[in-house]
Structures are given as C-alpha cells and as structure tokens.
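Here are my notes on this one, as numbered points. Keep the viewer open while you read.

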Amino acid sequence: MIKVLKPFGLSALLLLGAAGVEAQEKIETTICADFVNEYIWRGQNLGGVAVQPTLGVAYKGLSLSAWGSYGIANAADTKELDLTLGYSVGGLNIGITDYWTNSPEERYFLYGAHNTSHVFEANVGYDFGPISLQWFTNFAGNDGLNKDGKRAYSSYFEASAPFSLVGIDWTATAGVVPYATTSYETSGFAVTDLSLRATKQIKVTDSFSIPIFGQLTGNPCSQKAYLVFGFTMQP
C-alpha cells in the first residue's frame, strides 16, 4: 500500500518501493493520477490545482517509478518530473530520487553543476508498524545553500503514524529540517510539516471505487497552513 512521503504527490511516486512494501512474487505495475486543489510538499506550497500522474513497476521489493505534477488552473505553475529507484525488504527501505522541475533550466537533459534543474536525493527509512521513520538528503544537483553560501546537503526527517477511526484511514505526520538550507527556507533546525491526512474509498460500482483524501498541514517555520483535497483515478 501507499506510504505517504510526499503528500499527495510522491505518495503515488513511492507507491512501489521506498516505503516498506513487502516483496512481490510477480511483476506489478502502477498507473494512476492524483488530482489536487493545491500541491503541498513537506509543508511547502509548490502550486495550485494540479494533476499528478504515476507510472511504475515493482518486483520482489525493487521498484522504479515516474511521477509528475502539472498545473491545471495556472499554466505558470512549476512542472515536475521525478524518477525514483527504491528497494524494500521487511520494514527497511532505501531509495534514490531524481527530481526535475522546469526552473531554473527548462532543458531536461542538462546536468551541469551550476545550471541544472535536477536535484538528487537519497532516502532511508524503517516501518515499525505503529510508526514509520524516514530520512532524506540531497547529495547532488541543484541543492540549496547553507549560511556560508555552500551546498547545504539539504535534509529532511519525517515520522508518520497511520491509524483508523470511524471507518476512515488516517495518517499523522511530523517533518523537520535539521539545519539551515535555502531549499526549505530555514535558518537552522525547524519544524516544517505537521499534517493530518484522511483517506476513504468511495464505492461507485461493485468493481470500481475512487479513493478521496483530505489533508490539513501546518508549517510552524513559515507560519503557513493549508487544507488540501484530492482524489485518485486508477484502472
């Protein structure tokens, strides 16, 4: 099942591998798309109404997936394409993600150290059941800067706890940035994401249902709060 690492967006991207999924005995594929009223990621507002498709394959804990985000209401919203290679065994998961946006450089196949729009991030985590812990660090590409103006190796730590209440699946999440980086607009240790997400399957026919979700997110660091609603379409 989905383990939410990038609220609404990369939840689908990491559907197949970076979140402790049990090893599959056969090749599995994922084709789906989320539709959201806002694109909120780790407590940051990255755009308005958007469609966020996912395409991925997984086999015996190894997964490769592609995820994108494209603004619907505002053509000027950032366009994004992310590729993730992940592996999970038991509760342990590791992965590498190549994030790409069309800013500052619109050319996808440009990997210059000082002008690329790609950001490369590694993650490691463990799902203990009642709680899941994840650590992420940017190790190359268009990373942010620290207080000295040098590469920050921007990092993010997240704890999430799933639970059920009144027939609805819930996930409580807390995320922190451990040190200063312009990537998250932090000047030191900061709590950037306090979220509560609810998901429910809406039955349309006996063989077809639509997952809908809502999430309330607060960012104590930026003093911003967001309420996101979305639904997932999949075959």
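1. A bit of vocabulary before the pocket: strands here are DSSP runs of E, at least two residues long, and they are numbered from the N terminus. With that in hand, strand S2 (39-41), strand S3 (44-47), S7 and S8 each give at least two residues to the lining of the second largest pocket. That pocket has a volume of about 520 Å³. Its lining counts 22 residues, and those nearest the centre are Trp 41, Leu 46, Thr 101, Val 119 and Ser 183.

2. Keep in mind that you are looking at a predicted model. Overall, the protein has 14 strands and one helix. Of its 235 residues, 47% are buried. Taking contacts between residues at least 6 apart in sequence, 45% of them join residues at least 24 apart.

3. Which residues make up the largest nonpolar core? There are nine: Tyr 39, Trp 41, Trp 67, Tyr 99, Val 119, Phe 136, Tyr 156, Val 177 and Tyr 184. A second core, separate from that one, has six residues, among them Val 36, Phe 213, Tyr 226 and Val 228. Trp 41 and Val 119 are worth clicking on, as they belong to the largest core and also turn up among the residues nearest the centre of the second largest pocket.

4. On to the rings: the structure holds 12 aromatic pairs. Take Trp 135 and Phe 157, whose ring centres are 6.2 Å apart. Their planes meet at 45°, and pairs between 30 and 60 degrees count as tilted, so this one is tilted. The pair ties together distant parts of the chain, with Trp 135 in strand S9 (residues 132-141) and Phe 157 in strand S10 (residues 155-165), 22 residues apart. Are these two residues' surfaces buried or exposed? Neither label fits: Trp 135 is partly exposed at 34% relative accessible area, and Phe 157 is partly exposed at 29%.

5. Tyr 156 and Tyr 184 also pair up, and this pair is stacked, with 5.9 Å from centre to centre and 15° between the planes. Again distant parts of the chain are linked: Tyr 156 sits in strand S10, while Tyr 184 sits in the loop between strand S11 (168-177) and strand S12 (190-205), 28 residues apart. Tyr 156 and Tyr 184 are both buried. They also belong to one aromatic cluster together with Trp 41, Tyr 99 and Phe 136.

6. Two arginines deserve a look for their ring partners. Arg 42 lies over the face of Phe 136, 4.2 Å from the ring centre; Phe 136 is a member of that aromatic cluster. For Arg 197, the charged end sits over the ring of Phe 213, at 4.5 Å from its centre, and Phe 213 is one of the residues in the second core.

7. Now the backbone oddities. Most residues other than glycine have a negative phi, and most peptide bonds are trans. Against that background, the peptide bond from Ser 103 to Pro 104 is cis, with omega near 10°, and Pro 104 is in the loop between S7 and S8. Val 166 has a positive phi, near 45°. It lies in the loop between S10 and S11 and is exposed, at 70% relative accessible area. Gln 223 has a positive phi as well, near 65°. You will find Gln 223 in the loop between strand S13 (208-219) and strand S14 (224-233), where it is exposed at 67%.

8. Where does Tyr 111 sit? Tyr 111 is in the loop between strand S7 (92-101) and strand S8 (118-127). Its relative accessibility is 46%, so Tyr 111 counts as partly exposed. Leaving out residues up to four places away in sequence, Tyr 111 touches Thr 116, His 118 and Phe 120. Its C-alpha is 9.4 Å from that of Asn 142, which is 31 residues away along the chain.

9. Last stop, Ser 164, in strand S10. Ser 164 is exposed, with a relative accessible area of 58%. Setting aside neighbours within four places in sequence, Ser 164 is in contact with Asp 169 and Trp 170. The C-alpha atoms of Ser 164 and Thr 199 are 9.7 Å apart, with their positions 35 residues apart along the chain.

Key: Residues numbered from 1 in each chain as written. Predicted model: local features only at pLDDT ≥ 70, side-chain atom pairs only at ≥ 80, totals over all residues. Heavy atoms only, no water. Helix = DSSP H or I, 4+ residues; strand = E, 2+ residues; numbered from the N terminus. Buried < 20%, exposed > 50% of the residue type's maximum accessible area, 1.4 Å probe, protein only. Contact = heavy atoms within 4.5 Å. Core = buried A, V, L, I, M, F, W, Y, C linked by side-chain atoms within 4.5 Å. Phe/Tyr/Trp six-rings, centres within 6.5 Å; stacked < 30°, edge-to-face > 60°. Lys NZ or Arg CZ within 6 Å of the ring centre and 35° of its normal. 1 Å grid on protein atoms, 1.4 Å probe; cavity = no way out; pocket = protein on both sides within 12 Å on 5 of 7 lines; lining within 4 Å. Points joined across faces, edges and corners; volume = space filled by probe spheres on them.
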